[in-house]
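Got your viewer open? Here is a walk through one protein, stop by stop, with something to select at each.

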Amino acid sequence: MFLVTKLRKSFLMRVCLTLAVVSLLWLHVGVFIYRGAEIDFEHSNIELAKPTNLTVPELMEKITIENNEQKILNSNHIPWPPVNETEIWPKGIVITIQVHNRISYLRKLLRSLSQAAWIERALLIFSHNIYSEELNDIIQSIPFAAVMQIHFPYSTQLFPSTFPGDSPSDCPRDINKERAVAVGCSNAQTPDLYGHYREARYSQTKHHWWWKVNFIFGKIRALRHYDGPVIFMEEDHYVAEDFLHVLWLQQILLKGGSKCNFCNQAHILSLGSYPKYFNHREASNMVELLPWSSSKHNMGMAFNRSVWQNFQKCSDMFCSVDDYNWDWSLLHVAQKCLPSLFGEPANEKGKSKFILGALVLKAPRVFHIGECGVHHRKASCASDTSTLRKAETSLRSARKAETLFPTTLRTKNMLGTKAVRLKKGNGGWGDPRDRELCLSLTVID
């Protein structure tokens with residue numbers, strides 16, 4: 001009996017030990033799976049461009065040379081500005097695309113651009129914050145339009161361990177100020193609105209956008225006498241085939257054509273928005289005059305040099321507002337700075353008669369298909385996104401009904417009926433070094 005009892009105890013101990021080992025192994029596997037999921041969470045199913053192997057000094061020299069040369073590719077067979085004038089975009093049109101490293105989205109954008117009417121009248125300016133031979137190969141093989149590449153000279157790729165990149169002496173994002181002061185990290189005294197410290201990968205986006213627009217209007221020699229609109233896009237956008245045709249109709253309205261007596265109150269032409277449903281079959285010829293909204297009209301927006309010069313006069317506000325988003329910073333400019341330029345200062349409640357107007361299409365012609373990026377991360381970043389599928393379904397229906405390429409646009413004045421409320425900044429921009437760098441990037445004509 002004693003032996004049986006001993007054997008039972010021994011057996012139970014072995015079972016318990018086995019269960020403990022299995023539990024530890026499962027925990028280890030679970031942690032491994034979780035960590036793997038975190039990696040996939042950021043990059044799942046999205047092809048990313050490989051950065052160059054050049055050293056930082058080599059890369060800095062190369063970027064400086066290319067930004068100074070400003071080569072226009074395809075100029076032999078697609079001269080820009082165009083030498084022959086046409087009814088639509090007789091002087092050409094400029095499209096700038098801010099590029100990071102998501103090749104999957106970029107290829108879809110390029111495919112859609114290649115199918116657009118009047119694309120041969122365009123100068124495509126790709127503005128990079130990562131130098132990659134892989135990206136260069138894709139962009140430099142574009143056959144359907146004139147192409148230029150420019151490179152943001154203050155990227156984290158060029159400054160991997162010092163400002164404006166992340167410096168080892170910088171405070172961690174989530175450390176509290178008291179602790180930051182105690183450990184003596186370099187920017188301890190300047191957290192943002194929410195008590196967080198800067199992250200270079202986020203602040204880089206606002207710097208890049210401000211530098212890009214300043215460079216395009218102030219430094220590119222081929223655009224010195226260009227007074228038409230510049231369309232602003234990003235690598236994860238997608239266009240309808242009539243987007244340039246419709247933009248031309250918006251431009252006519254802006255200049256007072258087509259008997260629209262209120263359209264000249266617009267400053268921005270908006271090709272993109274974020275409706276819940278697309279209906280190009282019924283709404284392809286509808287446009288509304290609305291107050292420009294940073295969260296609704298920041299995609300495929302277009303403005304000309306005179307509008308830009310007004311934005312530029314508000315560079316102090318753009319560069320100082322505690323928000324790492326360029327579009328939300330621009331909204332502060334629109335509501336707090338521009339009114340005074342137009343002789344209509346805001347009252348105590350921050351209200352003014354001046355409204356930054358935008359002509360916004362009811363059926364957008366530019367779509368945001370990026371489901372994974374700076375602001376959006378999903379466990380599965382499908383290359384064929386739900387937005388792309390919805391857009392293509394709506395466009396196919398419009399093609400069958402022959403409602404794309406409208407001859408005129410139906411207008412509606414909504415400028416005084418919808419107010420855009422200004423919220424406090426989103427943070428991420430409390431460091432005075434970011435504000436100083438931003439101001440230094442301003443190019444005065």
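What follows is a short tour of a predicted model.

**The whole chain**

Start with everything in cartoon view. You should find 13 helices and 11 strands. Of the 445 residues in the protein, 51% are buried. Now think about how the chain folds back on itself: taking contacts between residues at least 6 apart in sequence, 80% link residues at least 24 apart.

**The nonpolar cores**

Next, select Ile-95, Ile-119, Phe-126, Ile-231, Phe-243, Phe-303 and Phe-311. These belong to the largest nonpolar core, which has 101 residues, and they touch the most other members. In soluble globular proteins, nonpolar side chains tend to be buried together.

Zoom in on Phe-303. Setting aside neighbours within four places in sequence, its contacts include Val-213, Phe-217, Pro-229, His-267, Trp-308 and Phe-311. Then jump to a second, separate core of 12 residues; among them are Tyr-105, Tyr-238, Phe-278 and Leu-388.

**Helix H9 and its two partners**

Phe-311 is worth keeping selected, since we meet it twice here. Show helix H9, residues 305–313, together with helix H11, residues 326–341: they pack at an angle of about 95°, and their axes are 9 Å apart. Which way does that set them? An angle from 65 to 115 degrees counts as roughly perpendicular, so H9 is roughly perpendicular to H11. On the H9 side, select Asn-310, Phe-311 and Lys-313; on the H11 side, Leu-330, Val-333, Leu-338 and Leu-341. Sorted by class, this contact has 5 nonpolar, 1 polar and 1 charged residues.

Now swap H11 for helix H6, residues 200–218. H6 and H9 pack at an angle of about 130°, with axes 11 Å apart, and the two are therefore oblique to each other. The crossing of H6 past H9 is left-handed. To see where they meet, pick Trp-210, Val-213, Asn-214 and Phe-217 in H6, then Arg-305, Trp-308, Phe-311 and Gln-312 in H9. The classes here are 5 nonpolar, 2 polar and 1 charged residues.

**Two single residues**

Stay on H6 and click Gln-204, which sits in that helix. Is Gln-204 buried or exposed? It is buried, with a relative accessible area of 7%. Apart from neighbours within four places in sequence, Gln-204 is in contact with Asn-129, Phe-152, Ser-155 and Thr-156.

For another setting, go to Lys-412 in strand E11, residues 410–413. Lys-412 is partly exposed, at 47% relative accessible area. Try a distance label between C-alpha atoms: Lys-412 and Cys-263 are 149 residues apart along the chain, and the label should read 9.1 Å. Beyond its neighbours within four places in sequence, Lys-412 is in contact with Phe-262, Val-287, Glu-288 and Leu-289.

**Backbone oddments in the loops**

Finish with the loops. Between helix H2 (56–69) and strand E1 (93–99) you will find Pro-81, and the peptide bond leading to it from Trp-80 is cis, with omega near 0°. The loop between H2 and E1 also holds Asn-74. Asn-74 has phi near 70°, a positive value in a residue other than glycine, and at 19% relative accessibility it counts as buried.

Move on to Pro-164, in the loop between strand E3 (146–151) and helix H5 (177–183). A cis peptide bond joins it to Phe-163, with omega about 10°.

Last stop: Trp-118, in the loop between helix H3 (103–114) and strand E2 (122–128). Phi of Trp-118 is near 70°, and at 25% relative accessibility the residue counts as partly exposed.

Terms used:
Residues are numbered from 1 along each chain as its sequence is written. Side-chain values use heavy atoms; hydrogens and water are left out. Axes are lines fitted to C-alpha atoms, for helices over the stretch in contact, and angles run from 0 to 180 degrees between N-to-C directions. Helices (H or I, at least four residues) and strands (E, at least two) are DSSP runs, numbered from the N terminus. Angles under 35 degrees count as roughly parallel, over 145 as roughly antiparallel, 65 to 115 as roughly perpendicular and the rest as oblique. Contact means heavy atoms within 4.5 Å. Ala, Val, Leu, Ile, Met, Phe, Trp, Tyr, Cys and Pro count as nonpolar, Asp, Glu, Lys and Arg as charged, and the others, Gly among them, as polar. A nonpolar core is a set of buried Ala, Val, Leu, Ile, Met, Phe, Trp, Tyr and Cys residues joined through side-chain atoms within 4.5 Å. Buried means under 20% relative accessible area, exposed over 50%, partly exposed in between (1.4 Å probe, protein chains only). A crossing is left-handed if the near helix is turned anticlockwise from the far one by less than a right angle, and right-handed if clockwise.
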